[in-house]
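Thank you all for coming; I would like to walk you slowly through one model today. Please look at it for a moment before I begin.

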Number of protein chains: 2
Amino acid sequence: MVRSDATRNREAILRATEELLAAHGAEHISLDRVAAAAGVGKGTLFRRFGSRTGLFQELLAERAAALAEAIESPGSPLGPGAPPRDRLLAFLDELAGLAERNLALFAAHERACAADKYRDPTYLRWHAHVTALVAAAAPGLDAAFAAHTLLASFDADLARHVMAEGGADRLRASVRGVAEALLRG
Amino acid sequence: MVRSDATRNREAILRATEELLAAHGAEHISLDRVAAAAGVGKGTLFRRFGSRTGLFQELLAERAAALAEAIESPGSPLGPGAPPRDRLLAFLDELAGLAERNLALFAAHERACAADKYRDPTYLRWHAHVTALVAAAAPGLDAAFAAHTLLASFDADLARHVMAEGGADRLRASVRGVAEALLRG
DNA sequence: AACCATGCGGACCGGCGGTCCGCTTCGTTG
DNA sequence: CAACGAAGCGGACCGCCGGTCCGCATGGTT
């Protein structure tokens, strides 16, 4: 028994957040502004998302949904069945694209989740995935640790810095270079 | 013509910050508290350090001074003269020790400098050092990028997480594993 | 049409980083 | 020692923010 206005408002808030991110970058996005832009009271925002952290976590989860699905569906180089090494490289490639298309969101999400980023559901999913692939492809390493350092490549500031000279392809190439070296070693 | 009370207060503020970090961790360290603990007005704190960011940057610089010196003095495995690979591994080992001894400071510094961490003088020094060594020891890589990912190993949350099971030695081992694999690749 | 759980909104709160300015202190000068 | 100006001090003050609260509106059900 979910009221229709509730889901409508939820959507309005997510869309307003996207608009503000696109318009002003990750900075100066206060929840008052988001609520105002969504045409909604602040209380509504907090009822729906619990906190600033929750809002950006949900928005990131939404943007990452397609990737999450691709990971689990056989057939693509991302999905089960492909050799772990290829799967890992394909996943990192895809993540670079996601970072490029959602740079402001990545930045805002980082800021909002800085307190305990290792509890963010999206990050946890990515980390589990990368850890498993690293463990399969490079048995000598501390896979969980290596996964964290690989994912650190997509830190918003680092990604922006790298993409400033060469765009997402440059980021993809650099990440791939590091990942291949790691797996080879 | 630097007034004596100015330097005395500067010192009092740095020591008070350390005490609060030791007592309460990186959280809940407001500048009001720091000023009060130092027995100093808030205005004084801001005159000395400019901002929250400045305070933690200076404190980190102080704690990192010995390491900065070791890097440049010949003779030790850290210093010029040693083979780049050994120098890099020795440096990362040392950084793990620094992270262990200053975990709360690392965390507070990260939070305070999150906005533009790539302008922090200490980070820049470390990054330049690691980049040069990576470039010398693994010519195929994007050295600057690899340096960022290596330094990401010392993210306070990651370091805490890893050290929770095995202490600084575990962190050292994991970092060394990744670094060796990277250089070998 | 009547009822009430669900949800709404925005005034309100505590606390924060940072500023400002009247007052104090230091150290120099004669 | 006296006196003076620059350098420094401190804490009241500001604007903003994340988060809470509660009287009121609304939507779905009977």
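Which residues of helix H10 of chain B, residues 156–164, are buried? Keeping in mind that this is a predicted model, the buried residues of that helix are B:Leu158, B:Ala159 and B:Val162. Seen down the axis of H10(B), these buried residues fall within an arc of 95°, so they line one face of the helix. In general, an α-helix has 3.6 residues a turn, so residues three or four places apart point the same way. As for what covers the buried residues of H10(B), the cover includes helix H9 (143–151) of chain A, and, from chain B, helix H6 (84–101), helix H7 (103–113) and helix H11 (167–184). After H10(B) comes B:Gly166, whose phi is positive, near 125°.

Let me turn to how the two chains are related. Chain A is superposed on chain B by a rotation of 180° with 0.0 Å of shift along its axis, the RMSD being 0.0 Å, and that is the relation of a two-fold axis. The same surface serves both copies, in that 96% of the contact residues of chain A recur in chain B.

Finally, the DNA. Around DNA strand C there are 24 residues, of which A:Gly41, A:Gly43, B:Ser4, B:Ser30 and B:Gly43 come nearest. The residues of this surface divide into six nonpolar, nine polar and nine charged. At least two residues each are supplied by helices H1 (4–24) and H3 (42–49) of chain A and by helices H1 (4–24), H2 (31–38) and H3 (42–49) of chain B, while the largest share, four residues, comes from H3(A).

Key:
Residues are numbered from 1 along each chain as its sequence is written. Chains are lettered from A and ligands numbered from 1 in the order in which they are written. This is a predicted model: local features need pLDDT of at least 70, side-chain atom pairs count only at pLDDT 80 or more; totals for chains, interfaces and linings use all residues. A residue is near a molecule or strand if its C-beta atom, placed from the backbone, lies within 6 Å of it. Ala, Val, Leu, Ile, Met, Phe, Trp, Tyr, Cys and Pro count as nonpolar, Asp, Glu, Lys and Arg as charged, and the others, Gly among them, as polar. A residue is buried if 20 or more other C-beta atoms lie within 10 Å of its own, exposed if 12 or fewer, and partly exposed in between; C-beta atoms are placed from the backbone. The arc is that of the directions from the helix axis to the C-beta atoms. Two residues are in contact if their C-beta atoms, placed from the backbone, lie within 7 Å. Copies are superposed by least squares on the C-alpha atoms of residues with pLDDT of at least 70 in both.
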